[in-house]
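This briefing describes the structure shown below. It treats the overall make-up first, then the helices, the salt bridges and the surface patches.

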Amino acid sequence: MSEKKMNSSRRGHLKSLMLAIAKDLLEKEAADLITEKAAFIAENCPAPVLSGGLPELQEMLKKLAQTIDKVDEDRYDSEAKVKKTDKEIEDLRMKVVEIQGIKKPALKKVRMSADAMLAALLGTKHKASMDFRANLKEVKKEVKEEEEVSDWHKNVDEQSGMDGRKKKFQSAKITKLVLVFKTTEDTE
């Protein structure tokens, strides 16, 4: 069959039929729900017997109090389990975040001149221009004079014992004499 366009009156009629059928189904579902509820209450909650005396009523109240306490304990236990599982879920989420790490965005390489950087940092108020290369200091390499490295065994052997101390004393005495001699020559 070829597809023909449906005129508006036919479309409105079909729409009203569908709404009527849906309304009937909803009413039937509501009635079924009411009958199921009544059957459940009749099965699990028998009608209270109020024809007895005071002791029977007190016994019934004690039973009701016990069932209420039991229901409250079950509710508390279930709430504790829910809180515990919620905490475990949150801990697992935190571990997942730690494992994945924080994703850093890829940075783009930006080429800027020194003047453009200064303008960006200082703003338009300050107009400063610097040639950073001109301000760099030149570092001169200093040549270190290295002392002659002699055999340290000989120095230790020479300075050990009384002979070594005597040599030190004599060398110190000689340097003092040389200094005194030079100063006397300078004054004359």
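Helices here are DSSP runs of H or I with at least four residues, numbered from the N terminus; on that basis, Asp77 is found in helix 2, which covers residues 54-100. The model is a predicted one. The protein chain contains six helices and zero strands, and buried residues make up 1% of its 188 residues.

**Overall make-up**

- Read from the N terminus, the elements of the protein chain follow the order α-α-α-α-α-α.
- The protein chain exposes about 20,000 Å², and carbon and sulfur atoms supply 60% of that area.

**Helix 1**

- Helix 1 comprises residues 8-44, with Leu14 among them.
- The distance from the first C-alpha of helix 1 to the last is 54 Å over 37 residues, close to the 54 Å expected at 1.5 Å a residue.
- Helix 1 lies largely in the open, because the number of buried residues among its 37 is zero.

**Helix 2 and the residue after it**

- The 47 residues of helix 2 should span 69 Å at 1.5 Å a residue, and the end C-alpha atoms are indeed 69 Å apart, so the two values agree.
- Gly101, just after helix 2, takes a positive phi of about 80 degrees.

**Salt bridges**

- Two salt bridges are found in a search of the whole structure.
- One of them pairs Arg75 with Asp72, whose closest N and O atoms are 3.8 Å apart.
- Both Arg75 and Asp72 lie in helix 2, where three residues, about one turn of the helix, set them apart.
- Another salt bridge pairs Glu79 with Arg75, the closest N and O atoms being 3.2 Å apart.
- Glu79 and Arg75 are separated by about one helical turn because they are four residues apart in helix 2.
- Asp72, Arg75 and Glu79 are thus linked in a network of salt bridges.
- Are the residues of this network buried or exposed, given that partly exposed residues lie between under 20% and over 50% relative accessible area? Arg75 counts as partly exposed at 46% relative accessibility, Asp72 is partly exposed with a relative accessible area of 35%, and Glu79 counts as partly exposed at 38%.

**Negative surface patch**

- Which residues gather in a patch of negative charge on the surface? They are Asp69, Glu73, Asp74 and Asp77.
- Asp77 has a relative accessible area of 41% and is therefore partly exposed.
- Patch residues must have over 30% relative accessible area and no salt bridge; the 41% of Asp77 is to be read against that cut-off.

**Nonpolar surface patch**

- Met6, Leu14 and Leu17 make a nonpolar surface patch of about 240 Å².
- Leu14, which is found in helix 1, counts as partly exposed because its relative accessibility is 31%.

Methods
Residues numbered from 1 in each chain as written. Predicted model: local features only at pLDDT ≥ 70, side-chain atom pairs only at ≥ 80, totals over all residues. Heavy atoms only, no water. Patch = residues over 30% accessible without salt bridge, like charges linked within 9 Å, V, L, I, M, F, W, Y side chains within 5 Å. Areas by Shrake-Rupley, 256 points an atom, 1.4 Å probe, with all protein chains shown as cover. Salt bridge = Lys/Arg side-chain N within 4 Å of Asp/Glu carboxyl O. Lys, Arg positive; Asp, Glu negative; His and termini not counted. Charge placed at Lys NZ, Arg CZ, Asp CG, Glu CD. Helix = DSSP H or I, 4+ residues; strand = E, 2+ residues; numbered from the N terminus. Buried < 20%, exposed > 50% of the residue type's maximum accessible area, 1.4 Å probe, protein only. Expected span 1.5 Å × (residues − 1).
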